[in-house]
Amino acid sequence: MNYYIVIPAHNEEKFIGLTLESLVNQTVLPKKAVIVNDNSTDKTKEIVQEFMAKHSWISLVEKKSEAIHLPGSKVIQAFHTGLATLDDDYDIMVKGDSDLIFPSNYFETIINHFKNDAKIGMAGGFAYIEKNDEWILENLTDKDHIRGAFKAYRKETFKQIGGLKPAMGWDTVDELLCKFYDWKIVTDESLKVKHLKPTGANYNQASRYKQGEAFYTLGYGFFITAVASLKLAMRKGKPLLFIDYIKGFWKAKADNKTMLVTPEQAKFVRAYRWKKIKAKIFK
């Protein structure tokens, strides 16, 4: 199975070389890897070009966007810029980040998952961060969720869910739509990806409100949003984030923000989320 990977990058001179080195060392190489240099002012471009000189399957695309770093829209707009340069000759589409070190068997293992079960629509490993000289699980999400830093999609699934949405919540709505269309999602605990930069390190208060907006546009409704907001705030060790998330939800509702799901899909999402909440309460 062929896989293409698109990696947005903004001022990643410190990490992009490590990410590309881990790609070069894969037991199964990508057929194509596109790095989208999104308005970098450092040496990101030069580092990518050094790898391009040695590996014909690596390419570079330039994109000029605003310097402000908001989660969701900026990175997926960059992803779309890279995606537009690719043909349709792939079996698996991967959205990657530019601050990762993949284990050498990562994509071989991912491919085997897709090969072994035709109903698997998405697959991924787990993110680990360095703390006190140890690599520990970056525990921001449930273990049945694939982190946005390394999403692998079966081609048919990728097309059926409509690709990736350029909005915060894109890496949740993709999985919800995957389930809506009856695809399986696989997370493999044996695949430990080193995440070199903590999630949200550059996010400001405006982006924290965006999380509440995302919950609204996912069709959660207020009560599920409250549960999800409290859970996420506690996981991040910042309980007051709960208030920002709720403010973001009500602001999005007042502004009548465009939904990421249809009414039918929103109904499915709420039923699915309530089922998961009840399962945890009564387990």
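**Note on the predicted model: helices, strand pairs and two asparagines**

1. Start with helix α1, residues 16–24. Its buried residues are Ile16, Thr19, Leu20, Ser22, Leu23 and Val24. Keep in mind throughout that this is a predicted model.

2. What covers the buried residues of α1? The cover includes two strands, β1 (3–9) and β2 (32–38). It also includes helix α2 (44–52), strand β5 (100–101) and helix α4 (106–116). Elements from separate parts of the chain's numbering are thus on this list.

3. Look next at Ser22, which belongs to helix α1. Is Ser22 buried or exposed? Its relative accessibility is 6%, and buried means under 20%, so Ser22 counts as buried. Its side chain reaches back to Thr19, where the backbone oxygen is at 2.7 Å. Thr19 is itself among the buried residues of α1. Beyond its neighbours within four places in sequence, Ser22 is in contact with Leu100, Ile101 and Phe102. Strand β5 spans 100–101 and is part of what covers α1.

4. Helix α4 deserves a similar check. Tyr106, Phe107, Thr109, Ile110, Ile111 and Phe114 are its buried residues. What do they pack against? Their partners are β1, α1, β4 (92–96), β6 (120–131), β8 (150–154) and β9 (184–195). Helix α1 appears here, just as α4 appears in the cover of α1. Strand β1 is named for both helices: it helps cover α1, and the buried residues of α4 pack against it.

5. Now the strand pairs. Strand β2 pairs with β3 (residues 58–63) in the parallel sense, over six bridges. Between these two strands the chain passes through α2, and this β-α-β crossover is right-handed. One bridge to find on screen links Ile35 to its partner Leu60 in β3. Both β2 and α2 also belong to the cover of α1.

6. The pair of β6 and β7 runs the other way. These strands are antiparallel and are joined by four bridges. Ile129 has Ile136, in β7, as its bridge partner. Strand β6 is also one of the elements that the buried residues of α4 pack against.

7. Check the turn of that hairpin. Two residues lie between the strands, and Asn132 takes a positive phi near 50° there. Asn132 is not a glycine. It sits in the loop between β6 and β7 (134–137). How accessible is Asn132? Its relative accessible area is 69%, and the cut-off for exposed is over 50%, so Asn132 is exposed.

8. A second asparagine should be viewed alongside. Asn11 also has a positive phi, near 50°, and is a residue other than glycine. Its place is the loop between β1 and α1. With a relative accessible area of 31%, Asn11 is partly exposed. Asn132, by contrast, is exposed.

9. Finally, turn to Phe222 in helix α8 (residues 221–235). Its relative accessible area is 30%, which makes Phe222 partly exposed. Which residues does Phe222 contact, leaving aside its neighbours within four places in sequence? They are Ile246, Phe249 and Trp250. Take Ile246: it is 24 residues from Phe222 in sequence, with the two C-alpha atoms 8.5 Å apart in space.

Key:
Residues are numbered from 1 along each chain as its sequence is written. This is a predicted model: local features need pLDDT of at least 70, side-chain atom pairs count only at pLDDT 80 or more; totals for chains, interfaces and linings use all residues. Side-chain values use heavy atoms; hydrogens and water are left out. Buried means under 20% relative accessible area, exposed over 50%, partly exposed in between (1.4 Å probe, protein chains only). Contact means heavy atoms within 4.5 Å. A polar contact is a pair of N or O atoms within 3.5 Å; within protein, one must be able to donate a hydrogen and the other to accept it, and residues adjacent in sequence count only if both atoms are side-chain atoms. Two strands pair if DSSP finds at least two bridges between them. A crossover is right-handed if, with the strands pointing away from the viewer, the path from the first strand over the helix to the second runs clockwise.
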